[in-house]
Amino acid sequence: MKLAEALAERADATRRVEQLRARIVSSARHQEGETPAEDAAQLLAEASEVLGSLEDLIRRINRTNAATDLGEHGTLTDALARRDVLRLRHSVVTSAADAAAGAGERGYGRQLRSELMMLAALPVAELRGQADALARDIREIDVRIQRANWEVDLLD
């Protein structure tokens, strides 16, 4: 099985657990004299089984990520960490640029000459350039990660 297939299975298992959780919660209590729509104990046992499989799958995915060398970028785990931080950095820089540009503010600045004028405390154009470079870096590392996901076999 390829790593990408395991990641898809992990996503399916996570969704399945969430669905089971919702069904368990809705069937966990019922009125006296009524029968619940589903057997909550059976659903709980099913959720436990899915969670056990999910844990094994996550361990294998993590082991594979840590062992997969991407060359100059380190392991796949290193690349994932780098991508996560790049996304956060992009978010911070974009938010700073938006705030400095006055995005989200009502009106067009001051109405009268006597009103105070709002000035940007940060260089908006420079921040937008940084955000563009970060977005490019995110795309490039994401391509390398996706390529590895489809080329690497899942470890036991």
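Me: Let me get the terms right: buried means under 20% relative accessible area, exposed means over 50%, and partly exposed is in between. Where does aspartate 142 fall, at 22% relative accessibility?

Reply: Aspartate 142 counts as partly exposed, because 22% lies between the two cut-offs. Keep in mind that this is a predicted model.

Me: Which residue forms a salt bridge with aspartate 142?

Reply: Arginine 83 does, and the closest N and O atoms are 2.7 Å apart. The pair links distant parts of the chain. Arginine 83 sits in helix H3 (residues 76-101) and aspartate 142 in helix H4, 59 residues apart.

Me: Is arginine 83 buried or exposed?

Reply: Arginine 83 is buried, because its relative accessible area of 13% is under 20%. Its partner, aspartate 142, counts as partly exposed at 22%. Elsewhere, Arg136, Asp137 and Glu140 are joined into one network by salt bridges that share partners.

Me: How many salt bridges are there?

Reply: The count comes to 11.

Me: Which other pair links distant parts of the chain?

Reply: Arginine 60 forms a salt bridge with aspartate 156, with 3.1 Å between the closest N and O atoms. This pair links distant parts of the chain too, 96 residues apart. Arginine 60 is in helix H2 (residues 40-67), and aspartate 156 is in the segment after helix H4 (124-151).

Me: Is aspartate 156 buried or exposed?

Reply: Exposed, because 72% relative accessibility is over 50%.

Me: What about arginine 21 and glutamate 18? How do their side chains meet?

Reply: They meet in a salt bridge, with 2.7 Å from N to O. Both residues lie in helix H1 (residues 3-27). They are 3 residues apart, about one turn of the helix.

Me: Why does that spacing matter in a helix?

Reply: An α-helix has 3.6 residues a turn, so residues three or four places apart point the same way.

Me: And how exposed are arginine 21 and glutamate 18?

Reply: Arginine 21 is partly exposed, with a relative accessible area of 44%. Glutamate 18 is partly exposed as well, at 41%.

Me: Back to H3. What length does it reach?

Reply: H3 has 26 residues and reaches 37 Å from first C-alpha to last. That is close to the 38 Å expected at 1.5 Å a residue.

Me: Which residues of H3 are buried?

Reply: Leu76, Ala79, Arg83, Leu86, Val93, Ala97 and Ala100. These buried residues pack against H1, H2 and H4.

Me: What comes just after H3?

Reply: Glycine 102, which takes a positive phi of about 85 degrees.

Me: New topic: valine 50. Where does it lie?

Reply: Valine 50 lies in helix H2. Valine 50 is buried, because its relative accessible area of 18% is under 20%.

Me: What does valine 50 touch?

Reply: Ala13, Arg16, Val17 and Leu20, leaving out residues up to four places away in sequence. Leucine 20 is 30 residues from valine 50 along the chain, and their C-alpha atoms are separated by 9.6 Å.

Me: Last one: serine 27. Is serine 27 buried or exposed?

Reply: Serine 27 is buried, with a relative accessible area of 5%. Serine 27 is found in helix H1.

Me: What does serine 27 touch?

Reply: Pro36, Glu38, Ala40 and Leu43, again leaving out residues up to four places away in sequence.

Note on methods. Residues numbered from 1 in each chain as written. Predicted model: local features only at pLDDT ≥ 70, side-chain atom pairs only at ≥ 80, totals over all residues. Heavy atoms only, no water. Salt bridge = Lys/Arg side-chain N within 4 Å of Asp/Glu carboxyl O. Helix = DSSP H or I, 4+ residues; strand = E, 2+ residues; numbered from the N terminus. Buried < 20%, exposed > 50% of the residue type's maximum accessible area, 1.4 Å probe, protein only. Expected span 1.5 Å × (residues − 1). Contact = heavy atoms within 4.5 Å.
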